[in-house]
2 protein chains.
Amino acid sequence: MTQAAFFVLTALADQPRHGYGILREVEELSEGAVQMRVGTLYGVLDRLTADELIVLDREEVQQGRLRRYYRLTDEGTAALDAEAERLAAGASAAKKRIAEGRRTPGSAPGTTGAPGTGHGLAGGLA
Amino acid sequence: MTQAAFFVLTALADQPRHGYGILREVEELSEGAVQMRVGTLYGVLDRLTADELIVLDREEVQQGRLRRYYRLTDEGTAALDAEAERLAAGASAAKKRIAEGRRTPGSAPGTTGAPGTGHGLAGGLA
DNA sequence: AAGAATATATCGGCTCCCGATATATTCAGC
DNA sequence: GCTGAATATATCGGGAGCCGATATATTCTT
């Protein structure tokens, strides 16, 4: 799952949205950090549709402008949930290791060559 | 920051490692979920080095085999920390929204009268 | 002697993201 | 009335990045 796909699924998780709405929503939910481009969006939308993670919900004409709404499928919700889990696990693992690295700094001056406890990871988190 | 780069940085967060060791470590820390390929690794290593997020720590010859160890720079640690934060925020936002979507399923009319009701999520997290 | 594991590295293909571009309507400002 | 910004759709070419295959070499296991 690509970053862009993840954010599109997230934007659609609470309610169906149309393309342009997804763009604004992604920006908003990421607090401005992610600014997805139109060129990215439609490719993602096509791929997610082909994978049946989203479907075309309905088409509306609002003030003369066409709005094409997409929504998550059950499979899409499950995929998003699983991906969120993976991301959280990865973030957690990274933070844990950063802390470990600070305790026993990498190429410690002087002490190089004596790793002591062989290798102290793999504690295994959830 | 790409997924592969994130996992390489994470593998190096606690101590310097050589290429092949990174491969095994990524698999271990992700509990088998991520299996990075050699073809991916060296491109990532080159890019991270160019960006000065990692540096060549030392070269050892162990049992006739060359081992090229890399370690994080301060900038690399900071980048990993920031990325972990972003990932955690994204995962948190996704889960929150999945829950919201379950409360107000699909194309539910009614409650969505006011546009932009400032649903500010992703507020705080670890 | 053969095969797996360790350890390095490169290359072509393919997927995917982005910037640019195109079209069309509505609304605010001048 | 005209212009520009916002809304809303869509496509295309370039480039970045991941993967599978491939290559080389040593050590360990069978």
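Q: A polar contact is a pair of N or O atoms within 3.5 Å. In this predicted model, how far is a base oxygen of DNA strand D from an N or O atom in the side chain of Arg65(A)?
A: Let's start with the atoms involved: the strand offers a base oxygen, and Arg65(A) offers a side-chain N or O atom. The pair falls within the 3.5 Å cut-off, so it counts as a polar contact. The distance is 3.1 Å.

Q: Which part of DNA strand C lies 3.0 Å from an N or O atom in the side chain of Arg65(A)?
A: Arg65(A) also reaches out to DNA strand C, again through an N or O atom of its side chain. On the other chain, the side chain of Arg65(B) has an N or O atom 3.0 Å from a sugar or linking oxygen of DNA strand D. For Arg65(A) and DNA strand C, the partner is likewise a sugar or linking oxygen.

Q: Which residue has a polar backbone atom 2.5 Å from a phosphate oxygen of DNA strand D?
A: Twenty residues surround this strand, and those that come nearest include Arg67(A), Arg68(A), Thr2(B) and Thr40(B). Sugar and phosphate make up 75% of the strand atoms that come within 4 Å of the protein. The residue whose backbone meets the phosphate oxygen is Tyr20(A).

Q: What share of the atoms of DNA strand C within 4 Å of the protein belongs to sugar or phosphate?
A: Two phosphate contacts give a feel for this strand. The side chain of Thr40(A) places an N or O atom 2.4 Å from a phosphate oxygen, and for the side chain of Arg47(A) the distance is 2.7 Å. Bases supply the rest of those strand atoms, while the share of sugar or phosphate is 74%.

Q: Which element of chain A supplies at least two residues of the surface near DNA strand C?
A: By class, this surface has six nonpolar, seven polar and seven charged residues. Chain B contributes to it through helix 2 (19-29), helix 3 and strand 3 (65-72). From chain A, the element is helix 3.

Q: Which helix gives the most to the largest nonpolar core?
A: This core has 61 residues, and Val8(A), Ile22(A), Val8(B) and Ile22(B) have the most contacts inside it. Val8(A), for one, touches Ile22(A), Val26(A) and Met36(A), along with Leu41(A), Val44(A), Leu45(A) and Leu48(A), among residues beyond four places in sequence. With nine residues, the top contributor is helix 4 (residues 74-103) of chain B.

Q: How many of the 10 residues of helix 1 of chain B are buried?
A: Helix 1 spans residues 3-12 and is mostly covered. Its buried residues include Ala4(B), Phe6(B), Val8(B), Thr10(B) and Leu12(B). The count of buried residues is nine.

Q: Are the rings of Phe6(A) and Phe7(A) stacked or edge-to-face?
A: Across all chains, the structure holds two aromatic pairs. The ring centres of Phe6(A) and Phe7(A) are 5.5 Å apart and their planes meet at 75 degrees; planes over 60 degrees apart fall in one class, so that angle decides the matter. Phe6(B) and Phe7(B) form a pair of this kind too, with 5.5 Å between centres and 75 degrees between planes. The Phe6(A) and Phe7(A) pair is edge-to-face.

Q: Is Phe7(A) buried or exposed?
A: Its ring partner Phe6(A) has 3% relative accessibility and counts as buried. Phe7(A) has a relative accessible area of 13%, and the cut-off is under 20%, so Phe7(A) is buried.

Note on methods:
Residues numbered from 1 in each chain as written. Chains lettered and ligands numbered in written order. Predicted model: local features only at pLDDT ≥ 70, side-chain atom pairs only at ≥ 80, totals over all residues. Heavy atoms only, no water. Near = heavy atom within 4 Å. Polar contact = N/O pair within 3.5 Å; in protein donor to acceptor, adjacent residues only side chain to side chain. Buried < 20%, exposed > 50% of the residue type's maximum accessible area, 1.4 Å probe, protein only. Helix = DSSP H or I, 4+ residues; strand = E, 2+ residues; numbered from the N terminus. Core = buried A, V, L, I, M, F, W, Y, C linked by side-chain atoms within 4.5 Å. Contact = heavy atoms within 4.5 Å. Nonpolar A, V, L, I, M, F, W, Y, C, P; charged D, E, K, R; others polar. Phe/Tyr/Trp six-rings, centres within 6.5 Å; stacked < 30°, edge-to-face > 60°.
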